[in-house]
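Please open the model in your viewer and keep a selection tool at hand. The stops below say what to pick next and what can be found there.

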Amino acid sequence: MLSNMYKKDWSETKAKWDAYWKRENTGRPLMFLVGKRDERLQLPQAVDINDSYMNGSGKVARYRKYCENHEFLAESFPNLTLDFGPGSMAAYLGCNPVFQPRTVWYEECVDDWLIYKDIVYDPDNEWFRKHIQVYQEAKKHAGDDIILALPDIIENVDILSSMRGAQNLLFDLIDEPEEMQRRIQQIDNIFFNYYDAFYDIAQLGGGSSHTLFQIWGQGKTAKLQCDFSAMMSPDMFREFIQPSLRTQAKKLDNVLYHLDGPDAICHLDALMEIEEIDSLQWTSGDYNPDGTFEEWYPIYDKAVAAGKALWIKVYTGEHEEQLKRVDRLIDRYGTSGMFLFFSPMPIAQANHLLEYAERSWR
């Protein structure tokens, strides 16, 4: 059970999340809404890359300072990201991670799949062991005050792309389809070895959160994706990716799918056929308007028709413009399966937004 150190209404928040995954929420939509108490306060920063990624106790200490200056309203909650970058399974499988202040990328490690060793779970991999140690250390210092978000280990061909390189992998899928099916299956076979290792440390009260997306659910919660799909035809996606995602989703309790960019929209029908996907998160891409604009309604129409919840980020335009666009969203889709993500804002503005939502978004 999450303590009331930084989140006062956790029981109500859990109930709202339970209803969201079932598409049975009542009242206003779920919201990520964080208010800043002191705009002038400078929060402590990591001193170097090692401190930023490898120092579990230091990350908790810095995040506590953040929590002390922020209030977690609505369905937001204190949760700490401990990522080794997006797709850290690539590092566990042999890629050398290159750590940068804001992200991590992975050096290719496969020259030819036909002669490369089988992909198997490696509990002794250096980077996996380091990542687990970071979680263990963070858990000691976070206790029940802060939820440790599960890392973005990622799945299917997104991992193979990191290992082989995107252009090479495209040719592999065309030239060696049977071999690539085998490799995707190998990734599927080991995903939960890694996921469960982190879940066993990070779960709190039988529930879990997934990094960056600010979601929580009873049991095993995850964000699934296939960003590589932007380079795939619909037929290729159905052949290689849809079965993999379905297999993975069946073993999870709460599934958010991250649909990234206009070039991935062509796979929406195939994704909506996967019953075990509970919610859709649409990322409109660099320089495109946020998820509240009417041009994205055809995406949401298909998702809602398929019985999926929606995860929508709000960031474009002035505050009053945002409210008007969300008004239209609520009028069209209701609130039974709606989550709205707002960037942190001054506490007075956050309280005003929550009051408006309680009054108007029902």
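Two strands count as paired if DSSP finds at least two bridges between them, and this is the sense in which pairing is used at the first stop. Bear in mind throughout that the model is predicted.

**First stop: strand E9**

Begin by selecting residues 221-225, which form strand E9, and then add residues 254-260, which form strand E10; the two strands run parallel and are joined by five bridges. Within this pair, leucine 224 of the first selection stands opposite tyrosine 257 in E10. Is E9 left open on a face, or covered on both? Both faces are covered, with Thr221, Lys223 and Gln225 buried on one side and Ala222 and Leu224 buried on the other. Because five of the five residues of E9 are buried, the strand is largely enclosed by the rest of the structure.

**Second stop: the loop after E9**

Select methionine 231 next, which has its place in the loop between E9 and helix H9, residues 234-240. Methionine 231 counts as partly exposed, since its relative accessibility is 43%, a value that falls between the 20% and 50% limits for buried and exposed. If neighbours within four places in sequence are set aside, methionine 231 is in contact with Ala166 and Leu170. A distance label drawn from the C-alpha of methionine 231 to that of glutamine 167 should read 9.6 Å, although 64 residues separate the two in sequence.

**Third stop: the loop between E7 and E8**

Move to the loop that links strand E7 (207-210) to strand E8 (215-218), where leucine 212 lies; glutamine 214 is found in the loop between E7 and E8 as well. Most residues other than glycine have a negative phi. Leucine 212, however, is not a glycine and has a positive phi of about 70 degrees, and glutamine 214, likewise not a glycine, has a positive phi of about 60 degrees. Which of the accessibility classes does each belong to? Leucine 212 counts as exposed, at 51% relative accessibility, whereas glutamine 214 is buried, with a relative accessible area of 13%.

**Fourth stop: serine 76**

Select serine 76, in the loop between strand E2 (70-74) and strand E3 (79-80). Serine 76 is buried, with a relative accessible area of 1%. Showing its side chain reveals what it reaches: the backbone oxygen of leucine 73 at 2.6 Å, and the backbone oxygen of leucine 33, which lies 2.9 Å from a polar atom of that side chain. Once neighbours within four places in sequence are left aside, the residues in contact with serine 76 are Lys7, Met31, Phe32, Leu33 and Val34.

**Fifth stop: the second largest pocket**

Turn now to the second largest pocket, which holds about 190 Å³ of space. Its lining comprises 14 residues, and those closest to its centre are Tyr6, Lys7, Lys8, Glu71 and Phe72. E2 gives the most to this lining, with five residues. Colouring the lining by class should show seven nonpolar, one polar and six charged residues.

**Last stop: arginine 40**

Finish with arginine 40, found in the loop between strand E1 (30-36) and helix H2 (49-54). At 73% relative accessibility, arginine 40 counts as exposed. A last label, drawn between the C-alpha atoms of arginine 40 and leucine 354, gives a separation of 23 Å for two residues that are 314 residues apart along the chain.

Technical notes. Residues numbered from 1 in each chain as written. Predicted model: local features only at pLDDT ≥ 70, side-chain atom pairs only at ≥ 80, totals over all residues. Heavy atoms only, no water. Buried < 20%, exposed > 50% of the residue type's maximum accessible area, 1.4 Å probe, protein only. Helix = DSSP H or I, 4+ residues; strand = E, 2+ residues; numbered from the N terminus. Polar contact = N/O pair within 3.5 Å; in protein donor to acceptor, adjacent residues only side chain to side chain. Contact = heavy atoms within 4.5 Å. 1 Å grid on protein atoms, 1.4 Å probe; cavity = no way out; pocket = protein on both sides within 12 Å on 5 of 7 lines; lining within 4 Å. Points joined across faces, edges and corners; volume = space filled by probe spheres on them. Nonpolar A, V, L, I, M, F, W, Y, C, P; charged D, E, K, R; others polar.
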